[in-house]
Amino acid sequence: MTATNPGSVLREVARIYTRAQRVVAECSSTTNTQCHLLTELGRSGPLPLSELGARVSLEKSWVSRAVEAIAARGLVTKEPNPVDARSWLVTLTAEGERKVHELNTTLDAHAAQLLGCLSGRDRAAVEKSLQLLLKALRQDQAAPCLTLPRSPKDAKPCC
């Protein structure tokens, strides 16, 4: 593929990198959905079940089943939300935090190996560009709930 359009290049980089990270991670005997939920909880902290689903762009039924499965394995707890009795609050357990840390360590090593193939100058340029892109994404009105950590006390849906 020869992509000269920045949008095409960004989509192709995101697509290939995401696939590579999934292969490297193998998410320690969890499904991709469960892995995605664990990493989102590791990034944001406890979340209401509905907001967790919104953040990972999955339907409530998928999220609910996946949360039940990882709760049965002792990776998360699901308790009534103290702010909104009509919802559940999902929280990583100590074992869940350990699994997320292990996963992040694996993924960070993969990223370091990938960037290690670049010259020092190119690596610095890519790292700076990634920081600029991250800043732009965090300011993007289209997806604020996907990038900004929220307080577990804030029961309003993000999207």
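In this predicted model, the buried residues of helix α2 are Thr 33, Gln 34, Cys 35, Leu 37, Leu 38, Thr 39, Glu 40, Leu 41 and Ser 44, a list in which polar residues such as Gln 34 and Glu 40 stand beside nonpolar ones such as Leu 37 and Leu 41. These buried residues pack against β1 (47-48), α3 (49-56) and α4 (60-72), and also against β2 (76-80), β3 (88-92) and α5 (94-115). The helix itself runs through residues 32-44, and its 13 residues reach 18 Å from the first C-alpha to the last, close to the 18 Å expected at 1.5 Å a residue. After α2 comes Gly 45, whose phi is positive, near 90 degrees.

From this helix we can turn to the nonpolar core. The largest such core has 16 residues, and those that touch the most other members are Leu 37, Leu 52, Val 67 and Val 76. At least two residues of this core come from each of α2, α3, α4 and β3, while α4 gives the most, with four residues.

Val 76 is a useful place to look at these contacts one by one. When residues up to four places away in sequence are not counted, Val 76 touches Leu 38 and Leu 41, then Val 67, Ile 70 and Ala 71, and finally Val 90, Thr 91, Leu 92 and Thr 93.

The aromatic rings form the last stop. The count of aromatic pairs comes to zero, but two rings have a charged residue over the face: Arg 65 lies over Trp 62, at 5.4 Å from the ring centre, and Lys 78 lies over Trp 88, at 4.8 Å from the ring centre.

Technical notes:
Residues are numbered from 1 along each chain as its sequence is written. This is a predicted model: local features need pLDDT of at least 70, side-chain atom pairs count only at pLDDT 80 or more; totals for chains, interfaces and linings use all residues. Side-chain values use heavy atoms; hydrogens and water are left out. The expected span of a helix is 1.5 Å times one less than its number of residues. Buried means under 20% relative accessible area, exposed over 50%, partly exposed in between (1.4 Å probe, protein chains only). Contact means heavy atoms within 4.5 Å. A nonpolar core is a set of buried Ala, Val, Leu, Ile, Met, Phe, Trp, Tyr and Cys residues joined through side-chain atoms within 4.5 Å. Rings of Phe, Tyr and Trp (its six-membered ring) pair if their centres lie within 6.5 Å; planes under 30 degrees apart count as stacked, over 60 as edge-to-face and the rest as tilted. A charge sits over a ring if NZ of Lys or CZ of Arg is within 6 Å of the ring centre and within 35 degrees of the ring normal.
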